[in-house]
Amino acid sequence: MAEKDKWIVKCPKCGRINQSCQHISRQDVERIVQLLKAGVEVYESEEEMEHLEEHLPRPDRGKLYALTPPRFDLGDVVMGKKTREAIEDALVEIRNKGLIFQRWGMKKVIRKNKGLSLLFAGPPGTGKTMTAEAIARVLKKPLMIVNYSQLENMWVGETEKNIEAVFQEAVKNDAVLFFDEADAVFHRRGMTLAPWTNRDVNVLLNHLENFSGVSILATNLARVMDRALDRRIDIAVEFEIPDVEMRREIWRKLVPKEAPLAKDVDFEALSKKYVLSGGSILNVVRQAMRTALKRGKRHRITHDDFVKAAERELKKSDLMSRDHMTQWKIEPRQRLGGYA
Ligand SMILES: Nc1ncnc2c1ncn2[C@@H]1O[C@H](COP(=O)(O)OP(=O)(O)O)[C@@H](O)[C@H]1O
Ligand SMILES: [Mg+2]
């Protein structure tokens, strides 16, 4: 096809080019160009599409995931008691897998030498991604972040191959597999708005079940997760909006020692007054720094800078919660050996 910027739209009736006519309105012309630029392809039948497929380049598997060396330690994450205990359970099992499965005989009970899969559920910004990185770091493994938008492919059967490729690569790299925002895929099968076909979800679930390494799924919406996923999850870890003590600690961790603070800054008051997630606190810190900088480089960050930024952040998170984050709740289960 021609270069992307040189689309020519021609009316089949009167032959006018790139202009509106009595058959095609200007909006039509604009819309067509817009869609073509976005890469929309139109086929008259499935046969035509299959025929074309042979001549089109296959999607690049290289971008199905990102392998990253983990940046965070477990000590960087401020966790509530329940969360920490569940993470400790996971680490104990991973570290003693040989013992549990071989010497203590769990292999005979489970009949499969499987890995461990964790579900991280909780509101945005509560440290799920961070903790996934920290776990990979403790285990001295890279974190493999799966890119759904690349996995899912319009070519029939291609999504399945992509999923296979991802799991193969995870084994090859001895990586911790991370499905961030897993609700995008593991929605309840049969839900109409589901972007993934049931078949693809099944394929993914099966691979997950047979994966011998550590896999972590993170979600903001535990409620809409597929029930079949439940059986494949060994330990569910709930991440909560931090309480006042945790917030105090998060403020301490997220405001660097080097930051030029005015004398009046009172983190105790900020922790008490503003119920914010760690991610939101991070936003507030950065915004307060920007506000101070706008006054000039020599200016210190004042308490008022933090207050204004916190008010703003609260409004933002309130908007988001009204949008799609209506109360979610999961049964936190911490089952050791409760495999399906
Ligand atoms: N519990 C926490 N302890 C310390 N920092 C946190 C915590 N939660 C969030 N943060 C900060 O917010 C950032 C975003 O958090 P993230 O792990 O991406 O949240 P989630 O994945 O749950 O949406 C982190 O990189 C960290 O700086
Ligand atoms: Mg995240």
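Author: Two strands pair if DSSP finds at least two bridges between them. Helices (H or I, at least four residues) and strands (E, at least two) are DSSP runs numbered from the N terminus. The model is predicted: local features need pLDDT of at least 70 and side-chain atom pairs pLDDT 80 or more, while totals for chains, interfaces and linings use all residues. Residues are numbered from 1 along each chain as its sequence is written, with chains lettered from A and ligands numbered from 1 in written order.

Reader: How do you know that E2 and E6 pair?

Author: Four bridges join E2 to E6 in the parallel sense, and because at least two are required, they count as paired. Within this pairing, Leu119 has Ala236 in E6 as its bridge partner.

Reader: What makes E2 and E5 a pair?

Author: Six bridges link E2 and E5, which run parallel. That number satisfies the requirement of at least two, so E5 is a partner of E2. Ala121 is bridged to Thr219 in E5.

Reader: How do you know that E3 and E4 pair?

Author: Strand E3 (residues 143-146) and strand E4 (residues 176-179) run parallel and are joined by three bridges, so the criterion is met here as well. Leu143 in this pairing stands opposite Val176 in E4.

Reader: Why are E1 and E6 described as standing at the edges?

Author: The six strands form an open sheet in the order E1-E3-E4-E5-E2-E6, with mixed pairing. Strand E1 (65-68) and strand E6 (235-238) each have a single partner strand, so one side of each lacks a neighbour in the sheet. In total, the protein has 14 helices and six strands.

Reader: What makes E2 largely enclosed?

Author: A residue is buried if 20 or more other C-beta atoms (placed from the backbone) lie within 10 Å of its own, exposed if 12 or fewer, and partly exposed in between. Six of the six residues of E2 meet the buried criterion, so the strand is largely enclosed by the rest of the structure. Leu116, Leu118 and Phe120 point one way from E2, whereas Ser117, Leu119 and Ala121 point the other way. Across the 340 residues of the protein, 29% count as buried.

Reader: Why is ligand 1 said to lie between two domains?

Author: Domain 1 (61-238) and domain 2 (244-323), whose bounds come from an automatic or database assignment, both contribute residues to the shell around ligand 1, so the ligand lies between them. The shell holds 17 residues (C-beta atom, placed from the backbone, within 6 Å), the closest being Gly127, Lys128, Thr129, Met130 and Gly278. H6, helix H11 (244-254) and helix H13 (278-295) are the elements that give two or more residues to this shell.
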